[in-house]
Structure formats: C-alpha cells, structure tokens
Protein chains: 2
Amino acid sequence: MKDSQNGPGTSLIDYPRPSVAVDTAVLTVADGSVCVLLVRRAEDHQHGRWALPGTFLRERETLADAVLRCLREKAGISGRVPRQLQVFDDPARDDRGWVLSVAHVDVVPLAALEEALASDGVRLAFVTREPELIAGLPYGHADIVAKAVAWLRAAYAEAPDPGELLAEPFTLKDLRELHETVAGSMLMRDTFRRFMEPKLQGTGQMSDGTRGRPSRLWVRDKS
Amino acid sequence: MKDSQNGPGTSLIDYPRPSVAVDTAVLTVADGSVCVLLVRRAEDHQHGRWALPGTFLRERETLADAVLRCLREKAGISGRVPRQLQVFDDPARDDRGWVLSVAHVDVVPLAALEEALASDGVRLAFVTREPELIAGLPYGHADIVAKAVAWLRAAYAEAPDPGELLAEPFTLKDLRELHETVAGSMLMRDTFRRFMEPKLQGTGQMSDGTRGRPSRLWVRDKS
DNA sequence: TTGATTTAGATCATTTCTGCGCTAATTGCT
DNA sequence: AGCAATTAGCGCAGAAATGATCTAAATCAA
C-alpha cells in the first residue's frame with residue numbers, strides 16, 4: 001500500500017493526516033429493552049449534550065485500546081470486547097476539522113453499568129422507546145446506534161448470548177427472553193430450543209425456587 | 001465523541017494524528033476462479049513487490065474517493081463500489097511510522113480489467129490456486145484478501161451476482177456457475193433456481209446458439 | 001390439602017424443503 | 001436424416017423442520 005512519490009530515504013510520512021476518533025455504542029439490556037449508554041459531553045464542543053462516548057486516538061494507540069480508555073475515562077465503566085463497525089468519513093461531520101471516526105460497539109451487562117449510572121453525566125437511552133432522543137444525537141451518532149443494534153441482532157441470531165449479558169447459569173427461558181428482547185419479536189419456543197441447545201453446555205443442575213416446573217440450567221459453551 | 005480537555009475556543013484539534021491509508025482488494029472471476037488484483041509497488045518502500053493497490057488519504061478526501069483514485073492511478077482501472085472491510089491498526093504494521101489502514105473490497109468484472117492487465121505492473125492472483133503468493137504479500141495484505149473473499153462469499157450467498165460480474169442477460173446456468181466459483185463448491189441446481197428465480201427479472205427472451213435446450217434469459221432485479 | 005396456574009420437556013401431525021428423475025428441446029456428429 | 005449428447009424445466013417422493021398438543025413437575029392461593 002501507501003503513497004506515490006516519496007523521495008529516497010523518506011521514512012517519515014509527510015502527507016496531511018486526519019484526526020482519528022473512536023465513538024462507541026455500549027449496548028445493554030435493561031427493563032426488557034435494548035439500551036445504549038450516553039454521556040453528557042464535558043468538552044466545550046457541544047458541551048452538555050448527550051452523546052456516545054468518544055475520544056481521539058493517542059499516539060500509537062490501537063483502536064480497541066482507545067475505546068477501552070474512553071469508556072473508563074468518560075463513563076467510568078470497563079468495556080468488554082470492542083468491535084469495529086464502520087469508519088465515518090464525511091468531511092463535514094465535525095466542524096472542528098477533518099475527523100475520521102471509527103464507530104465501535106461493545107456489549108456490557110447492566111450490572112457492570114449500575115455504578116457508573118449513579119453519576120448524572122451518564123445515562124441509558126432505550127433504543128426503540130426513545131427514538132427522538134437517539135435521532136437527536138450529534139455527530140451522526142444515530143447512525144452508529146442503528147449499526148450497533150443491527151450488529152447485535154445479527155450476532156444474537158447466530159449464537160446464544162454472544163454478548164455475555166446473562167449471568168450463568170441460566171435457563172432456556174431466560175435465554176429466550178433475552179433473545180426476544182434483542183430481536184424485538186417473539187421467538188418460537190421449540191425452534192429456539194432446538195437451535196440453541198446444541199450450542200450450550202449443560203450443568204447437571206436444575207433451577208428451583210421459581211414458579212412452575214424446574215428447568216435445566218446451562219452455561220455458554222466454552223470450547 | 002472527541003477529546004477530553006481542550007482549552008476554551010479550541011477549534012483546531014491538536015492531537016497526534018496517524019497517517020491513514022486505504023488498501024483495496026479488487027476481486028474478479030477469471031478462468032473459473034476468484035482472483036485478486038495486485039500491482040507492483042512503484043514506491044521506494046517495498047519497491048517492486050506485488051501488493052494490493054493502496055494510497056494515503058489526501059486532505060479532506062473520503063475513503064471511497066481515495067480508493068477510486070488509487071485504483072485509477074496505480075492500476076489504471078475504474079472501481080465500482082468500494083466497501084469498507086476493517087481498519088488495521090497494528091502499530092508495527094508499517095515500519096515507516098504510525099499508519100492506520102482501512103481495508104476495502106471492490107468487485108470488478110474481468111472485462112473492465114483487461115486493458116490494465118496488459119501492463120506488467122498489474123496482475124491477477126488466483127486466490128485459492130496461488131496461496132503462497134497471497135500469503136507472501138507485505139503489510140498484512142493476506143488478511144485483507146481473506147476478509148474480502150469472505151465478504152464476497154457472504155454477499156453471493158444472499159443475492160444473485162451482487163458484484164455485477166455477469167453481462168446481462170444471462171441464463172440461470174451462467175449465474176449458477178459464477179456462484180459456484182465464488183462459493184468454491186457445487187450448488188444444487190434446483191435449490192439454486194428456487195432461491196434465485198424470485199430475485200431476478202425475466203426478459204421474454206431465450207438463449208440460442210448454445211448447446212442443449214435453450215434457456216430463459218434473466219437480468220438482475222433493478223427494483 | 002387441594003386445585004389452579006405456571007413452566008418444562010417430549011411426542012406428533014403437518015408443512016416445507018430438498019434432491020432425484022423424467023420429459024422436452026436443442027446442437028453436433030455420422 | 002438420424003442418433004448421441006447436452007441442457008432446461010417440471011413433477012414427485014422422501015427428508016427435515018415447524019408449531020401445536022400432551023404430560024409432568026413445580027409453586028401459589030384458598
């Protein structure tokens with residue numbers, strides 16, 4: 001790859017360089033709905049508005065590291081596995097200059113967010129129940145949320161709780177309700193069971209203390 | 001998104017910035033195999049080696065524009081619809097400095113490459129038949145090729161010839177042979193027909209001059 | 001204690017899908 | 001002209017998946 005005509009011995013790369021930012025949609029499930037984490041902007045630019053947590057890349061920092069640092073610094077949470085979604089490159093996207101933003105998604109269980117949510121600089125937004133809030137986010141963050149949710153749906157259609165939102169062990173009913181929340185629609189009980197059971201690892205245990213007949217308990221397949 | 005503590009009135013963004021490059025895997029089908037376009041590096045760095053065409057981003061240029069410019073300048077071809085695959089951010093990936101590379105894929109029919117292939121600075125590599133050539137590409141380009149081919153396979157499993165490789169009109173047999181090449185395996189004739197027919201638009205015409213019984217001719221659905 | 005309610009897990013009939021095989025239509029060879 | 005080879009398109013039987021039904025096992029309310 002790389003440039004066209006650089007003089008002999010050119011080791012530094014003297015081309016114009018964009019600022020590179022990472023923006024992250026932290027998704028979780030709360031109250032039977034998919035939620036995204038927002039932070040109130042502490043910076044001068046768009047000060048006080050709710051937005052996705054984001055930061056500029058530091059020297060030689062990898063994108064995943066920048067995402068995790070940003071979540072720690074701006075939201076006070078510890079990220080899990082940031083995944084790239086897309087690079088947004090609209091030159092007019094940010095009026096401060098030429099900025100490329102690499103959108104990411106990360107899935108974090110609600111329990112790991114509770115502490116951070118005590119701060120009034122951090123909140124959750126219900127993705128489907130608060131469409132106007134999401135649509136009003138600055139910097140085209142609404143597109144990122146949409147991409148993130150689409151990614152989440154695709155991931156949950158493939159495997160049992162790939163975001164590790166459920167505490168182990170769990171019943172197939174727990175798992176199905178989570179997947180229904182993510183999918184936004186009812187899932188057929190038998191079809192779901194037939195698809196997921198072979199992808200799970202059974203513990204010998206049964207649920208109890210719950211209403212109705214006890215159910216087998218499962219954990220995500222570690223293999 | 002964006003930085004943490006910038007002084008009042010800061011409109012320029014004074015953080016360290018990486019060089020940003022785009023690298024593109026131009027895929028096509030030739031000789032019944034999936035191929036990727038390589039160019040001989042004209043630059044000092046890795047001079048003369050085969051590599052994917054790539055370039056550094058110019059001021060305020062979008063990624064797609066950079067890809068199309070790069071294909072025009074380095075390979076002498078006109079790209080179609082560049083799609084982002086992934087950002088490669090390994091700090092040690094390029095020994096010239098801190099470089100982020102945004103990998104892209106574009107699908108171009110062989111006919112649109114023939115002219116460029118006359119040059120000895122441009123060639124095709126058979127993705128499956130020349131594994132050692134692909135594996136030996138510099139800058140981790142082998143990973144990009146792998147991602148590009150995976151993307152191509154996924155796209156061709158969903159829709160009839162999404163890369164628009166076939167000249168219209170075509171028969172279902174033409175289409176199936178193309179999809180078999182991309183998939184790298186035989187596809188069941190009837191299953192393929194049942195899946196693709198509703199996604200195609202029929203012309204009233206029939207193929208003729210060909211061996212065997214004439215077949216209906218189709219075009220990709222424009223709706 | 002007893003019956004209503006809830007949920008789990010298995011069985012079963014029905015629908016849907018898959019892949020084989022038959023017939024039709026054409027070219028090319030003798 | 002006639003036969004072999006090739007390909008298209010459709011019908012059909014077997015396979016697989018689906019969604020409903022039935023029974024079992026527990027809690028909760030009276």
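Q: How many residues of the surface near DNA strand C are nonpolar, how many polar and how many charged?
A: The surface near DNA strand C has three nonpolar, five polar and twelve charged residues, where a residue is near a strand if one of its heavy atoms lies within 4 Å of it. In this sorting Ala, Val, Leu, Ile, Met, Phe, Trp, Tyr, Cys and Pro count as nonpolar, Asp, Glu, Lys and Arg as charged, and the others, Gly among them, as polar. This is a predicted model, in which local features need pLDDT of at least 70 and side-chain atom pairs count only at pLDDT 80 or more, while totals for chains, interfaces and linings use all residues. Residues are numbered from 1 along each chain as its sequence is written, chains are lettered from A and ligands numbered from 1 in the order in which they are written, and side-chain values use heavy atoms, with hydrogens and water left out.

Q: Which residues come nearest to DNA strand C, and what share of the atoms of this strand within 4 Å of the protein belongs to sugar or phosphate?
A: Among the 20 residues around DNA strand C, the nearest are A:Arg189, A:Gly212, A:Arg213, B:Asp190 and B:Arg194. Sugar or phosphate supplies 65% of the strand's atoms within 4 Å of the protein, and bases supply the rest.

Q: What makes the pair formed by B:Arg194 and DNA strand C a polar contact?
A: A polar contact is a pair of N or O atoms within 3.5 Å; within protein, one must be able to donate a hydrogen and the other to accept it, and residues adjacent in sequence count only if both atoms are side-chain atoms. An N or O atom in the side chain of B:Arg194 is 2.7 Å from a base nitrogen of DNA strand C, and this pair therefore meets the limit of 3.5 Å. The surface near this strand draws two or more residues from each of two elements, helix 6 (189–196) of chain A and helix 6 (189–196) of chain B, and the largest share, four residues, comes from helix 6 of chain B. Here helices (H or I, at least four residues) and strands (E, at least two) are DSSP runs, numbered from the N terminus.

Q: Which residues come nearest to DNA strand D?
A: A:Asp190, A:Arg194, A:Arg211, B:Arg189 and B:Arg213 come nearest, out of 20 residues around DNA strand D. Of the atoms of DNA strand D within 4 Å of the protein, 61% are from sugar and phosphate.

Q: How do you know that A:Asp190, A:Arg194 and B:Arg213 make polar contacts with DNA strand D?
A: Polar side-chain atoms reach base nitrogens of this strand at 3.0 Å for A:Asp190 and at 2.9 Å for A:Arg194. For B:Arg213, a side-chain N or O atom is 3.0 Å from a base nitrogen, and the three pairs therefore pass the cut-off. Helix 6 of chain A and helix 6 of chain B are the elements that give two or more residues to the surface near DNA strand D, and helix 6 of chain A gives the most, with four residues.

Q: Why is the meeting of helix 4 and helix 5 of chain A called a contact?
A: Helix 4 (residues 141–158) and helix 5 (residues 172–183) of chain A pack at about 145° with axes 9 Å apart, the axes being lines fitted to C-alpha atoms, for helices over the stretch in contact, and the angles running from 0 to 180 degrees between N-to-C directions. Their crossing is left-handed. A:Leu152, A:Arg153 and A:Tyr156 of helix 4 meet A:Leu178, A:His179, A:Val182 and A:Ala183 of helix 5, and this is called a contact because heavy atoms lie within 4.5 Å. By class, the residues here are five nonpolar, one polar and one charged.

Q: What is the handedness of the crossing of helix 4 and helix 5 of chain B?
A: It is left-handed, which means that the near helix is turned anticlockwise from the far one by less than a right angle, whereas clockwise would be right-handed.

Q: Which two residues does a cis peptide bond join in chain A, and where is A:Pro169 found?
A: The cis bond joins A:Glu168 and A:Pro169, with omega about -5°, and A:Pro169 is found in the loop between helix 4 and helix 5 of chain A.

Q: What is notable in the phi value of B:Asp31?
A: Phi is near 60°, a positive value in a residue other than glycine, and B:Asp31 sits in the loop between strand 1 (19–30) and strand 2 (33–40) of chain B.
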